[in-house]
Amino acid sequence: MKPHDRLYIDGAWRPAVGSDLIEVVNPADEQVIGHVPAASAEDVDSAVRAARRALPDWAATPPAERSARLAALRDVLVARQEEIAETVTAELGSPLKLSQAVHAAVPVAVVGSYAELAATHPFEEKVGNSTVHLEPIGVVGAITPWNYPLHQIVAKAAPALAAGCTIVLKPAEDTPLTAQLFAEAVHEAGVPAGVFNLVTGLGPVAGQALVEHPGVDLVSFTGSTAVGRRIGAVAGGALKKVALELGGKSANVILPSADLARAVNVGVANVMTNSGQTCSAWTRMLVHTDRYEEAVELAATAAAKYGDRIGPVVNARQRDRVRGYIEKGLAEGARLVAGGPEAPRERGYHVSPTVFADVTPEMTIAQEEIFGPVLTVLRYEDEEDALRIANGTVYGLAGAVWAGDEAEAVSFARRMDTGQVDINGGRFNPLAPFGGYKQSGVGRELGAHGLTEYLQTKSLQF
Ligand code: NAD
């Protein structure tokens, strides 16, 4: 993928007003692989105006035609899957196999699901003597993070397109090339000019201009809780709709009746995948005191097997942040059983897969999101204790429960304050609503629930 030195606005690649650039670096070897424009508020304004102009026609386009464009987009993403995987690997640093199996494949499933939903969703319903129409909210300002670069874009763009909204996307600074590739794919799929626009740029400049722009009707943001809080406040001040997908610190609760080895091994893999840069990762493993030492040993062995195969974290700042948390864990008295703060390689932003035992619920590493390959293992005395620990953070994005009996796991999961729970290693479902309780967010993405975020209702009485 050759970087564009332009922004994608109104169906064409156009030069930015200013000459500021963002450097794109491969985190595996620290080499600069390209530059993209850093858009200004003026560029954002052009993109929002293009989206507004395109809105009436796209909103009036029959759902079957919107569905056809999404199906065409899915086909382009399939045709370009290898290029997508290579691009994600180049700018995120994830191993190519992961990029192929997850970063390039999941977006195909999600776009496919919205091609189907656009055609089948009831955009009209009867309620007594009323007809309720579900209409597009309008122009969407989408702001995404770098951790699953294409998935995060698609989780907003696909439902927005299905709903009849138009979009201005501001992707993460670290992974703009994947976003440019997506813009090419949208163009190739025949989505009309102005319906999708891409402005690469800095969060506090282009991102903020997008959030503040009066021409934006809905701000859909995925990223950190700190930035989400600011965006929510600005959008709230302007009475704009807002959807926030934020941080997490999810619990992996292993009940005494569970298959311990399986629960621990899947739990470690869950945390180490994507070098721990997964918002829904189960970074707190909760084990009954009777089986605690056995679990710690299994976790340490499993983590050590990953060695340096997990790939780097995204940038030097993230590496330093994660190492800082590892040092904090040591300082607060947690027992290091795998990994540690030392760099496993000289080049690239690598962090060793790390496991801490003897972690208590109030420790910083048990409370704050680390966003790196660091697992904490906590001990509980009984089920109520486990529930208190599981629910004892400001977050509520995801989680896991393991038990010998599925019904036992389900009854525990129903008491967790969190948006989604995997039962005995349940598989990812691209149609299941994804989003957070508490400070993990506002709103839901994926499936029909995700589509609803981009719709507003109008009722006609007869
Ligand atoms: P971040 O909040 O730093 O940045 C996210 C996006 O916001 C980027 O595009 C950035 O440029 C932009 N941004 C930054 N400041 C802004 C501002 N003032 N105004 C407007 N936009 C601004 O997050 P990150 O480091 O890119 O991503 C990691 C975080 O994202 C983690 O906390 C993770 O948990 C969270 N995340 C959540 C989900 C979810 O679905 N809940 C998914 C993935 C990541």
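**Exercise 1.** In this predicted model, find which helix gives the most residues to the shell around the ligand.

*Solution.* Start with the elements that give two or more residues to that shell: helix 8 (203-212), strand 10 (218-222) and helix 9 (225-237). Now look at who gives the most: helix 8 takes it, with four residues.

**Exercise 2.** Sort the shell around the ligand by residue class, and pick out the residues that come nearest.

*Solution.* The shell holds 29 residues. Split by class, you get 14 nonpolar, ten polar and five charged ones. Coming nearest to the ligand are Lys170, Glu173, Ser224, Leu246 and Glu369.

**Exercise 3.** Track down polar partners for oxygen atoms of the ligand, using a 3.5 Å cut-off between N or O atoms.

*Solution.* Try the side chains: glutamate 369 puts an N or O atom 2.5 Å from a ligand oxygen. Next, check the backbone. A polar backbone atom of threonine 144 sits 2.8 Å from an oxygen of the ligand, and for glycine 203 a backbone N or O atom is at 3.4 Å from a ligand oxygen. As for cover, the ligand on its own has 850 Å² of accessible area, and the protein covers 89% of that.

**Exercise 4.** Place the ligand relative to the pockets and the domains.

*Solution.* Pocket first: the ligand sits in the second largest one. Then the domains: domain 1 (7-246 + 440-461) and domain 2 (251-429) both give residues to the shell, so the ligand lies between them.

How values were computed: Residues are numbered from 1 along each chain as its sequence is written. This is a predicted model: local features need pLDDT of at least 70, side-chain atom pairs count only at pLDDT 80 or more; totals for chains, interfaces and linings use all residues. Side-chain values use heavy atoms; hydrogens and water are left out. A residue is near a molecule or strand if one of its heavy atoms lies within 4 Å of it. A polar contact is a pair of N or O atoms within 3.5 Å; within protein, one must be able to donate a hydrogen and the other to accept it, and residues adjacent in sequence count only if both atoms are side-chain atoms. Accessible areas come from the Shrake-Rupley method with a 1.4 Å probe; for residues, only the protein chains shown count as cover. On a 1 Å grid over the protein atoms alone, a cavity is a set of points where a 1.4 Å probe fits but cannot get out, and a pocket is an open set with protein on both sides within 12 Å along at least five of seven lines; lining residues have an atom within 4 Å of a point. A molecule sits in a cavity or pocket if more than half of its atoms lie within 2 Å of its grid points. Ala, Val, Leu, Ile, Met, Phe, Trp, Tyr, Cys and Pro count as nonpolar, Asp, Glu, Lys and Arg as charged, and the others, Gly among them, as polar. Domain bounds come from an automatic or database domain assignment.
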